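This report describes the architecture of one protein chain, from its overall contacts to its helix packing and selected residues.

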Amino acid sequence: LSFRTDSCSTPCLFLCSGSRSSKTFKPKKNIPEGSHQYELLKHAEATLGSGNLRQAVMLPEGEDLNEWIAVNTVDFFNQINMLYGTITEFCTETSCSVMSAGPRYEYHWADGTNIKKPIKCSAPKYIDYLMTWVQDQLDDETLFPSKIGVPFPKNFMSVAKTILKRLFRVYAHIYHQHFDSVMQLQEEAHLNTSFKHFIFFVQEFNLIDRRELAPLQDLIEKLGSKDR
């Protein structure tokens with residue numbers, strides 16, 4: 001895989017790609033303006049603009065870890081949502097009849113409530129299930145409280161880890177199955193910057209098990225070595 005990153009900060013991704021319609025394009029999850037989380041998001045954007053992604057993912061001094069993880073999880077959902085939205089025309093029931101990340105990794109969907117037993121499904125169907133499920137978690141005020149003073153639940157960290165683990169699978173599918181299309185669209189710099197930001201974040205707080213990252217381990221090591 002070629003590696004080129006964007007000079008702009010990650011949150012400005014894909015302003016040019018809104019014209020491509022997509023069934024799996026979920027509505028953007030907005031953090032309420034004026035809220036403390038909105039201030040944290042602005043801090044994250046400003047730090048990203050400096051170009052130092054290792055520094056950008058660190059917990060700002062005096063801030064609550066859960067809140068920092070919540071803000072960034074919402075941001076990654078929006079980024080991945082848009083990234084996948086640019087290539088949906090290439091990710092079809094025919095071209096991607098199973099949800100995979102290369103020949104060795106296949107994902108089956110289960111959410112523990114509506115679908116308890118993992119089911120085999122096409123990549124577009126899997127990603128639709130996944131993004132809908134993530135959006136439901138983010139919209140749940142008992143899990144992701146947006147009001148100041150409302151505490152995060154005890155299970156927040158385990159929910160956030162599951163969300164990030166599943167969002168990683170969309171990156172893995174795009175890199176393994178659709179990187180040629182991403183290059184044709186000249187969006188590999190956006191994808192690489194977004195993924196690098198995501199990986200540095202989950203590594204900083206140990207949010208995804210190393211085994212889960214195996215489909216993109218070579219790329220992850222390449223990213224790390226470039227940044228030392």
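Among contacts in the chain between residues at least 6 apart in sequence, 76% join residues at least 24 apart, where contact means heavy atoms within 4.5 Å. The model is a predicted one, in which local features need pLDDT of at least 70 and side-chain atom pairs count only at pLDDT 80 or more, while totals for chains, interfaces and linings use all residues. Residues are numbered from 1 along each chain as its sequence is written, and side-chain values use heavy atoms, with hydrogens and water left out.

The chain holds seven helices and two strands, arranged along the sequence as α-α-α-β-β-α-α-α-α. Helices (H or I, at least four residues) and strands (E, at least two) are DSSP runs numbered from the N terminus. Of the 228 residues, 52% count as buried; buried means under 20% relative accessible area, exposed over 50%, and partly exposed in between, with a 1.4 Å probe and protein chains only.

**Core**

The largest nonpolar core has 66 residues. Such a core is a set of buried Ala, Val, Leu, Ile, Met, Phe, Trp, Tyr and Cys residues joined through side-chain atoms within 4.5 Å. Two or more residues each come from helix H1 (36-49), H3, helix H4 (123-139), H5, H6 and H7, and H5 gives the most, with 14 residues. Leu167, Phe168, Tyr171, Phe195, Phe198 and Ile199 have the most contacts inside the core. Beyond its neighbours within four places in sequence, Tyr171 touches Phe76, Gln79, Ile80, Leu83, Leu191, Ser194, Phe195, Phe198 and Leu216.

**Helix packing around H5**

Two packed helices are described by the angle between their axes and the distance between the axes. Axes are lines fitted to C-alpha atoms, for helices over the stretch in contact, and angles run from 0 to 180 degrees between N-to-C directions.

Helix H3 (residues 65-87) packs on helix H5 (residues 156-184) at about 25°, with the axes 10 Å apart. The two are therefore roughly parallel, the class for angles under 35 degrees, whereas those over 145 count as roughly antiparallel, 65 to 115 as roughly perpendicular and the rest as oblique. The contact of H3 with H5 has 19 nonpolar, five polar and no charged residues; here Ala, Val, Leu, Ile, Met, Phe, Trp, Tyr, Cys and Pro count as nonpolar, Asp, Glu, Lys and Arg as charged, and the others, Gly among them, as polar.

The axes of H4 and H5 come within 11 Å and cross at roughly 150°, which makes H4 roughly antiparallel to H5. The residues of this contact divide into 12 nonpolar, three polar and two charged. Among them are Trp133 of H4 and Arg166 of H5.

**Selected residues**

Most residues other than glycine have a negative phi. Gln186 departs from this with phi near 60°, and Asn206 has a positive phi of about 50°.

| Residue | Place | Relative accessible area |
|---|---|---|
| Gln186 | loop between H5 and helix H6 (188-204) | 62%, exposed |
| Asn206 | loop between H6 and helix H7 (217-226) | 60%, exposed |
| Gln203 | helix H6 | 37%, partly exposed |

Gln203 is in contact with Arg54 and Ile220, leaving aside its neighbours within four places in sequence. The C-alpha atoms of Gln203 and Val57 are separated by 9.4 Å, although the two residues lie 146 residues apart along the chain.
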